[in-house]
Amino acid sequence: MVDRLAPGATIGILGGGQLGRMLALAAAQLGVRSHVLCPDPHSPAFDVSARHTVADYEDETALRAFAEAVDVVTYEFENVPARTAEIVAAAHPLYPGAKALATTQDRFVEKSFVAGLDIPTAPFRVVGSAAELAEALAELGSPAILKTRRFGYDGKGQVRIGPGDSPEEAWAQLGGAPAILEGFVGFSQEISIVGARGRDGAFAAYDPCWNEHRGGILDVTRLPSGLPAATEQIAIAAARRIAEALDYVGVIAVEMFVVGEGEGASILVNEIAPRVHNSGHWTVEGAETSQFEQHVRAICGWPLGSTLRRGRIEMRNLIGTDIEAWPEILATPGAHLHHYGKAKARAGRKMGHVTRVFTGS
Ligand code: AMP
């Protein structure tokens with residue numbers, strides 16, 4: 001029997017961006033309070049949470065006070081420092097746990113872990129110097145992608161190496177940071193599996209999401225994925241194996257490449273996000289339980305909700321000045337606008353999203 005929290009409990013959220021904001025909104029609907037800790041005094045999640053703390057993730061005094069004031073702790077970004085996780089976990093459970101963080105913070109550890117479960121990935125080599133990069137390039141061939149082991153997101157910390165490109169230059173471009181080299185995958189499609197695992201080990205996945213990126217940032221998510229049912233089931237089973245091997249609690253997103261077409265399609269795992277994910281935003285209007293509510297249910301020890309999809313889906317990110325279209329979006333029947341309340345629309349910044357659910361199709 002898992003000890004479950006009751007409405008009236010407080011969840012602590014590390015990170016105050018749009019994911020924290022949407023988690024806090026979902027928690028409020030279930031009678032659960034949120035306390036958000038984030039160094040940025042203008043954090044979007046602060047607007048909608050009962051309490052917040054402005055502090056650095058290394059501020060041990062603030063972290064202890066935060067952890068004491070809540071019933072369970074979660075986070076909206078995977079780069080939570082190990083020491084931060086240790087401090088909060090000493091007071092109350094941290095979900096997803098330390099194993100999920102340690103595995104997903106380092107691309108080499110993550111890919112080795114996935115490969116160790118006999119789940120296919122792009123071919124990869126760990127690279128610690130320009131000479132090792134040259135060796136790895138000779139083995140994997142080009143094109144290939146050099147990625148920093150840590151702190152990469154939205155295509156940052158990556159260099160594509162084409163035939164004839166100099167390994168020394170690519171190495172210098174990443175500033176000599178520890179890296180992995182990945183063979184280039186000629187994918188037909190990118191998908192993600194957003195799923196959740198409860199404290200009792202129950203697992204529930206949403207239908208696979210078909211994701212299109214623009215400039216390294218997610219642009220549009222569509223459902224259904226268009227993949228054969230058998231391929232979808234293989235992708236969901238891989239995400240479930242990953243969650244189980246991590247003793248996972250909460251929502252997890254597993255990004256994958258599809259290679260081949262139709263019945264010949266197969267999947268390679270690219271990346272694991274130990275949190276709610278941009279490709280799951282459609283679930284707010286498009287599924288019986290949103291990914292945010294699902295995460296709150298999981299970390300509170302509550303039963304997972306139904307992941308049933310309500311129709312054909314299109315979720316479009318509003319990046320930078322895209323957000324200026326909000327009046328037209330509001331005037332479009334069936335378009336659900338989400339504005340994250342960020343003051344400045346910098347280029348490449350996720351400012352909001354819009355979801356459309358087409359029922360009866
Ligand atoms: P990542 O940061 O690993 O999620 O990579 C960002 C994007 O770069 C992915 O969504 C893909 O579009 C592309 N990409 C990453 N790795 C590879 C690869 N090995 N082969 C082809 N494209 C890749």
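**Exercise 1.** In which helix is glutamine 294 found? Work out its burial and its surroundings.

*Solution.* A quick word on the model before we start. Residues are numbered from 1 along each chain as its sequence is written, and this is a predicted model, where local features need pLDDT of at least 70, side-chain atom pairs count only at pLDDT 80 or more, and totals for chains, interfaces and linings use all residues. Side-chain values use heavy atoms, with hydrogens and water left out.

Step 1: place the residue. Glutamine 294 sits in helix H10 (residues 291-300). Helices (H or I, at least four residues) and strands (E, at least two) are DSSP runs, numbered from the N terminus.

Step 2: check burial. Buried means under 20% relative accessible area, exposed means over 50%, and partly exposed is in between (1.4 Å probe, protein chains only). Glutamine 294 has a relative accessible area of 0%, so it is buried.

Step 3: list the neighbours. Contact means heavy atoms within 4.5 Å. Leaving out residues up to four places away in sequence, glutamine 294 touches Ala196, Ala204, Tyr206, Val251, Thr289, Leu304, Gly305 and Thr307.

Step 4: zoom out to the helix. Nine of the 10 residues of H10 are buried, among them Phe292, His295, Val296 and Ile299. Just after H10, glycine 301 takes a positive phi of about 80 degrees.

**Exercise 2.** Is glycine 195 buried or exposed? Find what it touches.

*Solution.* Step 1: glycine 195 lies in strand E9 (residues 189-197).

Step 2: its relative accessible area is 1%, so glycine 195 is buried.

Step 3: not counting residues up to four places away in sequence, glycine 195 touches Phe203, Ala204, Ala205, Gly250, Val251 and Ile252.

Step 4: look towards H10. Glycine 195 and glutamine 291 are 96 residues apart in sequence, yet 8.1 Å apart in space, C-alpha to C-alpha.

**Exercise 3.** At what angle do helix H2 and helix H3 pack? Describe their contact.

*Solution.* Step 1: get the geometry. Two packed helices are described by the angle between their axes and the distance between the axes. Axes are lines fitted to C-alpha atoms, for helices over the stretch in contact, and angles run from 0 to 180 degrees between N-to-C directions. H2 (residues 60-68) and H3 (residues 82-91) pack at about 35 degrees, with their axes 8 Å apart.

Step 2: name the residues. H2 brings Glu60, Leu63, Arg64, Phe66, Ala67 and Glu68, while H3 brings Arg83, Thr84, Ile87, Val88 and Ala91.

Step 3: sort them. Ala, Val, Leu, Ile, Met, Phe, Trp, Tyr, Cys and Pro count as nonpolar, Asp, Glu, Lys and Arg as charged, and the others, Gly among them, as polar. That splits the contact into six nonpolar, one polar and four charged residues.

**Exercise 4.** Which domains does the assignment give for the protein chain? Then see how the largest nonpolar core relates to them.

*Solution.* Step 1: the assignment gives domain 1 (10-94), domain 2 (123-183) and domain 3 (189-358). These bounds come from an automatic or database domain assignment.

Step 2: the C-alpha centres of domain 1 and domain 3 lie 22 Å apart, and 18 residues of domain 1 are in contact with 18 residues of domain 3.

Step 3: find the core. A nonpolar core is a set of buried Ala, Val, Leu, Ile, Met, Phe, Trp, Tyr and Cys residues joined through side-chain atoms within 4.5 Å. Of the 82 residues in the largest one, Ile11, Leu14, Ile242, Ile252, Met256 and Trp282 touch the most other members. This core draws at least three residues from each of domain 1 and domain 3. A second, separate core of 14 residues includes Val127, Ala144, Ile161 and Leu174.

Step 4: follow one member. Beyond its neighbours within four places in sequence, leucine 14 has contacts including Leu63, Phe66 and Thr84.

**Exercise 5.** Where do the backbone angles call for a second look? Check two cis bonds and two phi values.

*Solution.* Step 1: most residues other than glycine have a negative phi, and most peptide bonds are trans.

Step 2: a cis bond joins serine 142 and proline 143, with omega about 5 degrees. Another runs from leucine 223 to proline 224, with omega near 0 degrees.

Step 3: aspartate 118 has a positive phi of about 65 degrees, and it is exposed at 70% relative accessible area. For aspartate 247, phi is near 50 degrees, and at 55% relative accessibility this residue also counts as exposed.
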